[in-house]
Amino acid sequence: MKIKKNSEWEILTPSGWSDFDGIKVTERSRCMKMTFDNGDTLVCTPEHRLKTEQNTFIYANEITDERIKNIHNSSNTVVRVDAIKGPIKVYDILNVQKKNEYNTNNFISHNCAHIEDHLMKDFWASVIPTIS
């Protein structure tokens, strides 16, 4: 895993340009390529979240007949899903300031929240006694 911190660029969101903390680059063993009814495609991990027509986010691997909201304020349906075997580099946008969402290949994605390693150790140390 590699993290490229950001302090000079912005990313386009449905609410306009937004600051974000950086990009996390990881390698995955599998991804999926979704083809939509308008011909657009999106390659992502199964855990990638996309905004639906109901303004909620759904994991890519859970999409069945939901209409996925696009940046043109309409929506599209996934008509085909192909598995892609890796290793494949994937890029996670970290901590988008405006609603944690951004535009990806004409669709609206939800970014992940990145927690620094030293904070994760503190977090797990505090919850392990509760969940074990």
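## Exercises on a predicted model

The side chain of Thr13 reaches the backbone oxygen of Gly16 at 2.5 Å. Keep that in mind while working through this predicted model.

**Exercise 1. Work out the surroundings of Thr13: which element holds Thr13, and which polar atoms and residues does Thr13 meet?**

Step 1: place the residue. Thr13 sits in strand β2, which covers residues 10-13.

Step 2: check accessibility. The relative accessible area of Thr13 is 4%, and the cut-off for buried is under 20%, so Thr13 counts as buried.

Step 3: look for polar partners. Besides the backbone oxygen of Gly16, at 2.5 Å, there's the backbone nitrogen of Ser15, which lies 3.0 Å from a polar atom of the Thr13 side chain.

Step 4: go further along the chain. Leaving out residues up to four places away in sequence, Thr13 touches Ser18, Val96, Lys98, Glu101, Tyr102 and Asn103.

**Exercise 2. Decide how many disulfides the model has, starting from Cys31 and Cys44.**

Step 1: recall the chemistry. A disulfide covalently links the sulfur atoms of two cysteines.

Step 2: take the distance. For Cys31, the closest cysteine sulfur belongs to Cys44, 7.4 Å away. Going the other way, the closest one to the sulfur of Cys44 is in Cys31.

Step 3: apply the cut-off. A disulfide needs the sulfurs within 2.5 Å, so at 7.4 Å this pair is too far apart for a bond. The count comes to zero disulfides.

Step 4: don't mix this up with burial. Cys31 is buried at 4% relative accessible area, and Cys44 is buried too, at 6%.

**Exercise 3. Describe the largest pocket: what is its volume, and which residues and elements line it?**

Step 1: get the volume. It's about 540 Å³.

Step 2: list the lining. There are 24 lining residues, and Thr45, His48, Tyr91, Asp92 and Tyr102 lie nearest the centre of the pocket. Tyr102 should look familiar, as one of the residues touched by Thr13.

Step 3: assign elements. Two or more lining residues come from each of β4 (22-36), β5 (41-44), β9 (75-94) and β10 (101-104). β9 gives the largest share, six residues.

Step 4: sort by class. The lining has 11 nonpolar, seven polar and six charged residues.

**Exercise 4. Summarise the whole protein: how many helices and strands are there, and in what order?**

Step 1: count elements. You should get one helix and 11 strands.

Step 2: put them in order. From the N terminus, the run is β-β-β-β-β-β-β-β-β-β-β-α.

Step 3: add the overall figures. Of the 132 residues, 36% are buried. Among contacts with a separation of 6 or more, 54% join residues 24 or more positions apart.

Conventions:
Residues are numbered from 1 along each chain as its sequence is written. This is a predicted model: local features need pLDDT of at least 70, side-chain atom pairs count only at pLDDT 80 or more; totals for chains, interfaces and linings use all residues. Side-chain values use heavy atoms; hydrogens and water are left out. Helices (H or I, at least four residues) and strands (E, at least two) are DSSP runs, numbered from the N terminus. Buried means under 20% relative accessible area, exposed over 50%, partly exposed in between (1.4 Å probe, protein chains only). A polar contact is a pair of N or O atoms within 3.5 Å; within protein, one must be able to donate a hydrogen and the other to accept it, and residues adjacent in sequence count only if both atoms are side-chain atoms. Contact means heavy atoms within 4.5 Å. On a 1 Å grid over the protein atoms alone, a cavity is a set of points where a 1.4 Å probe fits but cannot get out, and a pocket is an open set with protein on both sides within 12 Å along at least five of seven lines; lining residues have an atom within 4 Å of a point. Grid points are joined across faces, edges and corners, and a volume is the space filled by probe spheres set on the points. Ala, Val, Leu, Ile, Met, Phe, Trp, Tyr, Cys and Pro count as nonpolar, Asp, Glu, Lys and Arg as charged, and the others, Gly among them, as polar.
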